[in-house]
Every structure is written in C-alpha cells, then in structure tokens.
Amino acid sequence: QVHLVESGGGLVQAGGSLRLSCVASGRTDSSYAMGWFRQAPGKEREFVAAISWSGGNTAYADSVKGRFTIARDNAENMVYLQMSSLKPEDTAIYYCAADQTYLRRKVVVTPGGYAYWGQGTQVTVSS
C-alpha cells in the first residue's frame, strides 16, 4: 500500500505557472510508475502526464505537451508537475496516481492502470 498526497494547487491567471507536488508514503520501498490526471466538473477523468520509475520515460497528453513537465525524485518519494502557460481549460482537480511495477521504464497512461490515487488538488485558471 502507498498513500499519495498532492499539494500546490491554487488560483492563477491565464498564462501563469504552478507546480504541483505529490508525496508518497507507506510501501515506498517498491518501485512505482507515476502519473497525473485531472477531472473538470461534468467531465471524465483524463490523462495529463506519466513518468516511469526510472524517470527516463515520460508521456504527455497532447493538450499539455510543451507546457507541462513531469519529474520525480525517488530519494524523496516525490513526483512533480510543472505547469506553465496555463489556460482556463486547464481548470480541474489534479490527481496523482501510482502503479507498482518491476519494469523500470514502464509508463502508464490510462487511469485503469493505477491502483493508488491521491485525494486531488484544485487548479483554477482565470481568464
């Protein structure tokens, strides 16, 4: 079992930046692929970004490519999502997710591939 807690959300103007953080606790001696998802009101949860356990492989949704960057620090059990050039359509609750895996380069882009989820952090982008 691993417990995830997100932080760093808030209100920002369009064009601004935010950095989300996700800290893992519990069974952190295992290896986990990590991901960020988001869910806007009335919409399905959608993939944003993912990173392999090694950190060497990443994936991004087309809507955030070139604006968002995912990174991790395994020594600190942290995953980050640096968001820049934010748009009002980025407004959503952002969730961190973890998938236990023995594959160092595995990247998971579907919500069904993750067993562990955080409680989410609200990001609101004003126009």
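## Close-up views of a predicted model

**View 1. Lys106 and Asp99 join their side chains in a salt bridge, 3.2 Å from N to O.** Welcome to this model, which is predicted rather than determined by experiment. The two partners sit in unlike surroundings: Asp99 is buried, at 9% relative accessible area, whereas Lys106 is partly exposed, at 32%. This pair belongs to a set of 5 salt bridges counted in the model.

**View 2. Arg38 and Glu46 form another salt bridge, with N and O 2.6 Å apart.** Is Arg38 buried or exposed? Arg38 is buried, because its relative accessible area is 6% and the cut-off for buried is under 20%. Its partner Glu46 is partly exposed, with a value of 36%.

**View 3. Arg67 reaches Asp90 through a salt bridge of 2.8 Å, N to O.** Arg67 is found in the loop between strands E6 (58-60) and E7 (68-73), and Asp90 in the loop between strands E8 (78-83) and E9 (92-100), so their pairing ties together parts that lie 23 residues apart in sequence. Both Arg67 and Asp90 are buried. Stepping back to take in the previous view as well, you can see Arg38, Glu46, Arg67 and Asp90 linked in a network of salt bridges.

**View 4. The largest nonpolar core brings together 36 residues.** Leu4, Met34, Trp36, Leu81, Met83 and Tyr94 are the ones with the most contacts inside this core. Which elements give two or more residues to it? They are strands E1 (2-7), E3 (18-26), E4 (32-39), E5 (46-51), E7, E8, E9 and E11 (121-126). As a general guide, nonpolar side chains in soluble globular proteins tend to be buried together.

**View 5. Leu81 and the residues it touches.** Leaving aside residues up to four places away in sequence, Leu81 touches Leu18, Arg19, Leu20, Trp36, Val48, Ala49, Phe68, Thr69, Ile70 and Tyr94. Two of these names, Trp36 and Tyr94, may be familiar from the core, where they are listed with Leu81 among the residues with the most contacts.

**View 6. Four strands make an open sheet in the order E1-E3-E8-E7, with antiparallel pairing.** E1 and E7 stand at the edges with a single partner strand each, so one side of each has no neighbour in the sheet. From one strand to the next, the twist averages 15°. Looking inside the sheet, E3 and E8 run antiparallel and are joined by 6 bridges. Here Leu18 stands opposite Met83 in E8.

Note on methods. Residues numbered from 1 in each chain as written. Predicted model: local features only at pLDDT ≥ 70, side-chain atom pairs only at ≥ 80, totals over all residues. Heavy atoms only, no water. Salt bridge = Lys/Arg side-chain N within 4 Å of Asp/Glu carboxyl O. Buried < 20%, exposed > 50% of the residue type's maximum accessible area, 1.4 Å probe, protein only. Core = buried A, V, L, I, M, F, W, Y, C linked by side-chain atoms within 4.5 Å. Contact = heavy atoms within 4.5 Å. Pairing = 2+ DSSP bridges. Axes fitted to C-alpha atoms, helices over the stretch in contact; angles between N-to-C directions.
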